[in-house]
Amino acid sequence: MTDPIATDKQLPVTSNPVDFRSGFVAIIGKPNTGKSTLMNRLVGDKLSITSPKPQTTRYAIKGILNDENSQVIFVDTPGYLKPRYEMQQKMLDNITQTLKNVDLIMFITEIGTFPTEYDTEVLDLLKGIKTPQIAVFNKIDRTQGYDRNLIHMHLPHSIEEIIFISALYGDNITELVNMIKWHIPYHEPYYDADQLSDLPMRFFAQETIREAIFHYYEQEIPYATAVIVERYQELEDRSVIDATIWIERQSQKPIIIGKNGDNLKRIREYAEAALTQFTGMPVQIHLWIKIKDKWRKHSQALKELGFH
Ligand SMILES: Nc1nc2c(ncn2[C@@H]2O[C@H](COP(=O)(O)OP(=O)(O)OP(=O)(O)O)[C@@H](O)[C@H]2O)c(=O)[nH]1
Ligand SMILES: [Mg+2]
């Protein structure tokens, strides 16, 4: 295992198509380590929602980084946890499936707390997988120093390289990109060079509303809600979005709505501002609330939400 803080091995610039590299890179780790923050940083746009609360990401979300000699397709995954209810089981199945189908696995953890029990669980899973793996220690902006021997001791042999970064502040990101590129195969690009993601705008709208909910509510509410975009209209001067927020119980309704509708208004305004910035066009959102009893445990409801 090599242990560079940074690598300056850049791929040569080439116009020969046979020298072009392209591949899929999974970002995996326990909840809240900064996986989505890192993917957004790597692709230079806000594709995956982030929050200080664990288990924010629910789907495998792709983000594409294009340059003159490579195309890297990152796959952000939900934080790895032992499943407690059906939605989490589906999230885990999704992660395991992703790991088998990529060219490189990027294990990401927090430098300040490594190794936690959850880190060990993820690393145990990785030991049994043949895909090349690198370890990324995030949030270096938060620690004074770290014990490299301790880190090496806890990493399995399946990890080929390690790097220390700050996804939030951008430290060592160029070096990480160089490292990643050496690990992906020679291959023609999988997507058009101007494509940033494979997901439609309604998905980003849904996720942005969910981010607002993670931002404004505490405890169970963010986990007990799901968002469905019923209609996304692109008009000449603005986009209009109709969305439903699913909750699990009648008692959650007054909390979501708030006094005089204040809470719901805050969610709407947060999502409208973020989507206006993302699309470069005014966005107007209408929100509805629907009670779907225990939707997190029901296969049919999960299917409607895109978990298969
Ligand atoms: N200080 C510091 N905070 C960071 C860094 N990277 C991410 N964070 C913060 O860590 C929290 C979690 O970030 P996310 O990107 O949502 O983490 P995640 O791993 O995608 O989380 P899940 O989707 O829940 O698994 C957020 O509050 C981020 O702002 C970093 O380099 N330094
Ligand atoms: Mg995430």
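**Hairpin, enclosed helix and magnesium site in a predicted model**

Strands E7 and E8 are joined by a hairpin of four residues. The structure described here is a predicted model. The two strands, E7 at residues 226-234 and E8 at residues 239-247, pair in the antiparallel sense, and eight bridges are found between them. Within this pairing, Glu234 stands opposite Ser239 of E8.

Both strands of the hairpin also take part in the packing around helix H6. The buried residues of H6 pack against E7 and E8, and further against E2, helix H7 (221-224), helix H9 (262-279) and strand E9 (283-291). Helix H6 covers residues 201-216, and twelve of its 16 residues are buried, so the helix is largely enclosed by the rest of the structure. The buried set comprises Phe203, Phe204, Ala205, Gln206, Glu207, Thr208, Ile209, Arg210, Glu211, Ala212, Ile213 and Phe214. The length of H6 was also checked against expectation: at 1.5 Å a residue its 16 residues should span 22 Å, and the end C-alpha atoms are 23 Å apart, which agrees.

The magnesium ion (ligand 2) has Ser36 (OG) and Thr57 (OG1) as its protein donors, at 2.0 to 2.1 Å. These donors link distant parts of the chain, 21 residues apart: Ser36 belongs to helix H1 (residues 35-43), whereas Thr57 is in the loop between H1 and strand E2 (61-67). Ser36 and Thr57 are both buried.

The loop that holds Thr57 also contains Gln55, which lies between H1 and E2. Gln55 is not a glycine, yet its phi is positive, at about 60°. With a relative accessibility of 10%, Gln55 falls under the 20% limit and therefore counts as buried.

A positive phi is also found at Asn172, where the value is near 65° in a residue other than glycine. Asn172 is placed in the loop between strand E6 (159-164) and helix H5 (173-183). Its relative accessible area is 17%, so Asn172 is buried as well.

The backbone further contains a cis peptide bond, from Phe114 to Pro115, with omega near -5°. Pro115 is located in the loop between strand E4 (104-110) and helix H3 (117-127). For context, most residues other than glycine have a negative phi, and most peptide bonds are trans. Gln55 and Asn172 depart from the phi pattern, and the bond from Phe114 to Pro115 departs from the trans pattern.

Terms used:
Residues numbered from 1 in each chain as written. Chains lettered and ligands numbered in written order. Predicted model: local features only at pLDDT ≥ 70, side-chain atom pairs only at ≥ 80, totals over all residues. Heavy atoms only, no water. Donors = N, O, S within 2.8 Å, 3.2 Å for Na, K, Ca; no water. Buried < 20%, exposed > 50% of the residue type's maximum accessible area, 1.4 Å probe, protein only. Pairing = 2+ DSSP bridges. Expected span 1.5 Å × (residues − 1). Contact = heavy atoms within 4.5 Å.
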